[in-house]
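Morning, everyone. I'll walk you through one structure today. Have a look at it first, then we'll go through the packing.

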Amino acid sequence: MRHADTFHQAYNTWHETELERWLSDHNVPYPTPADRKDLENLVKTNWDSKVASPYNDWEPAQLQSYLKAKGTEVKKGSESNKQSLISQVQGAWHESADSASNSYNSVKDWIFDGWTDSQLKEFLDKNNVPVPQPRKRDTMLATARSNYESIAKKLNQAAHYPGDWLYESWSESDLKEFLDERGVPVPQPSTRDKLIASVRRNSRLSATQMKDSAASASASAKASKESLSDALLDSWSDSKIKEWADSNGIKVPQGSKRNELLALARKHRDTLTGDKVASSASSAFGAATSNAQNQYAKATDDASLKGEDAFNAAVDSWSDSRLKAFLDARGVPVPQGGKKDELLKQVRSNKHKAATGWSAWTFDTWTTENLRNWLSTQNNKVAKKSGATRDDLFKQAQDSYASASKSGGSNYASVTSYLASATDAAKDSTFDTWSESELKSYLDSYGVPNYQGSNINELRAMARRNANYFRYGSSTPQGGMFARLQSGA
């Protein structure tokens with residue numbers, strides 16, 4: 001492969017711990033102990049597939065998210081076909097292998113791009129790095145980048161492929177929110193180490209997509225600006241200019257003459273045709289145009305609010321048991337005798353909190369076959385009954401888990417080991433094999449109303465939507481900030 005000669009330097013100077021970290025982040029097994037050369041060869045072998053074409057490891061939801069962000073319509077009928085989606089993403093892929101590899105020669109240039117202003121400020125303050133006043137985003141970004149290596153050195157940490165030290169001030173909710181915003185499925189259940197690994201693994205691609213989206217926004221702004229050219233303004237009547245000004249909240253002084261109206265329109269043209277919105281997009285992605293940051297922040301905040309409104313509307317109809325289970329799966333104490341309003345408040349405030357361990361609700365989306373197979377490993381008699389319904393099996397699985405959890409020891413270890421290997425239960429295609437009665441029973445457990453008269457595909461969509469809210473705390477791990485930029489949100 002070409003990169004082996006040209007871009008070998010991207011990782012040949014890495015410390016042994018950085019090589020191990022990269023392999024671990026990308027789920028590449030490596031022997032322990034191992035000498036540095038063996039680790040480097042493992043990185044070299046997997047570099048192209050993990051860095052130049054990472055989409056081969058993506059799940060359908062993330063593949064669809066990428067296509068949506070690129071403005072590419074998913075081919076009808078291929079929504080759950082991973083190989084077809086990979087082929088479509090490959091056709092829309094934006095970056096060369098050379099560029100992807102070369103970016104690792106200077107991690108500091110992109111690692112901070114997706115950080116919020118408050119995260120940048122906290123990082124700099126924590127490491128006693130002064131920032132010139134006023135603390136604008138572009139100034140904080142420049143300061144973080146220029147001090148990145150010296151901070152790592154002071155902490156006795158490697159800087160080529162940064163460790164967990166870089167995210168020390170981030171909460172687990174911050175980590176999950178970063179991934180949610182970018183359409184990256186969050187490993188469930190998760191740990192802080194897994195969340196950081198996922199953020200680190202997706203940060204460079206996120207930064208690249210941000211810049212692409214900013215460039216797209218800038219191009220749209222330019223086209224919009226040109227549509228309001230001098231020639232067009234000159235062709236407008238005085239009343240048309242006044243109407244345009246009024247519709248855009250621009251005050252027109254009484255008695256303004258035509259040349260004054262034209263001057264007023266030209267003065268406000270750049271503001272109203274999107275140039276500053278595009279500039280603020282660039283600012284959010286690390287460029288030095290912070291004067292427009294507020295406009296971009298408002299646009300993305302508005303889009304985020306729409307997502308929150310959808311989440312709030314969904315959980316409003318959930319049963320108390322579902323709300324309690326959502327909190328329990330995230331280790332949040334459930335209010336004793338709490339009323340529904342109290343439960344809803346807790347659920348909303350923890351919507352970005354990752355599920356951090358197995359629970360009796362882990363079996364929630366398992367198929368009848370998966371439940372029966374697992375119960376058989378536990379020598380459960382109900383698993384052998386031919387007439388056992390999914391609800392029967394689900395309850396037995398929950399009881400069996402609760403018993404193992406309570407007793408602990410090797411029994412509990414074997415249960416969690418099985419759960420860790422049963423990844424098929426968490427796929428978005430889970431409901432495709434469910435019967436209509438199973439889907440209705442599942443929706444009943446949420447207290448979802450008004451599904452009568454729905455066909456089986458509509459029932460599956462409702463089940464999948466609520467399951468995603470329950471699992472991720474957001475409707476789906478796709479359609480994040482890039483899609484919102486593309487749609488002009």
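**Cores, rings and one loop residue**

Start with the largest nonpolar core, which has 46 residues. W47, Y104, F112, L166 and Y167 have the most contacts inside it. Keep in mind that this is a predicted model.

Where does this core draw at least two residues from each helix? Early in the chain, from helix 2 (9–12), helix 3 (16–25) and helix 4 (36–52). Then come helix 8 (117–126), helix 9 (137–154), helix 10 (172–181) and helix 11 (192–227). Which helix gives the largest share? Helix 9, with 6 residues.

There is also a second, separate core. This one has 41 residues, including F311, V332, W366 and Y442.

Back to F112. Leaving aside residues up to four places away in sequence, F112 touches L120, F123, R137, L141, A144, R145, Y148 and L166. F112 also belongs to an aromatic cluster. Its partners in that cluster are W115, F123, Y148, W165, Y167, W170 and F178. So F123 and Y148 turn up twice: as contacts of F112, and as cluster members.

Now the rings. The whole structure holds 34 aromatic pairs. Take Y104 and W110: their ring centres are 5.6 Å apart and their planes meet at 75°. Why call that edge-to-face? Because planes over 60 degrees apart count as edge-to-face, and this pair is at 75°. Both Y104 and W110 are buried.

Two arginines also sit on rings. R322 lies over the face of Y446, 3.7 Å from the ring centre. R330 has its charged end over the ring of F326, at 3.7 Å from the centre.

Next, a loop residue. T191 sits between helix 10 and helix 11. Is T191 buried, exposed or partly exposed? Partly exposed, because its relative accessibility is 37%, and the partly exposed class runs between 20% and 50%. T191 is 19 residues from E172 in sequence, and their C-alpha atoms are 8.4 Å apart.

Last, the overall numbers. The protein chain has 24 helices and 0 strands. Of its 489 residues, 45% are buried. The chain exposes about 23,800 Å², with 48% of that from carbon and sulfur atoms. Now take the contacts with a separation of 6 or more: 62% of them join residues 24 or more positions apart.

That's the tour. Questions, please.

Notes:
Residues are numbered from 1 along each chain as its sequence is written. This is a predicted model: local features need pLDDT of at least 70, side-chain atom pairs count only at pLDDT 80 or more; totals for chains, interfaces and linings use all residues. Side-chain values use heavy atoms; hydrogens and water are left out. Helices (H or I, at least four residues) and strands (E, at least two) are DSSP runs, numbered from the N terminus. Buried means under 20% relative accessible area, exposed over 50%, partly exposed in between (1.4 Å probe, protein chains only). Contact means heavy atoms within 4.5 Å. Accessible areas come from the Shrake-Rupley method with a 1.4 Å probe; for residues, only the protein chains shown count as cover. Rings of Phe, Tyr and Trp (its six-membered ring) pair if their centres lie within 6.5 Å; planes under 30 degrees apart count as stacked, over 60 as edge-to-face and the rest as tilted. A charge sits over a ring if NZ of Lys or CZ of Arg is within 6 Å of the ring centre and within 35 degrees of the ring normal. A nonpolar core is a set of buried Ala, Val, Leu, Ile, Met, Phe, Trp, Tyr and Cys residues joined through side-chain atoms within 4.5 Å.
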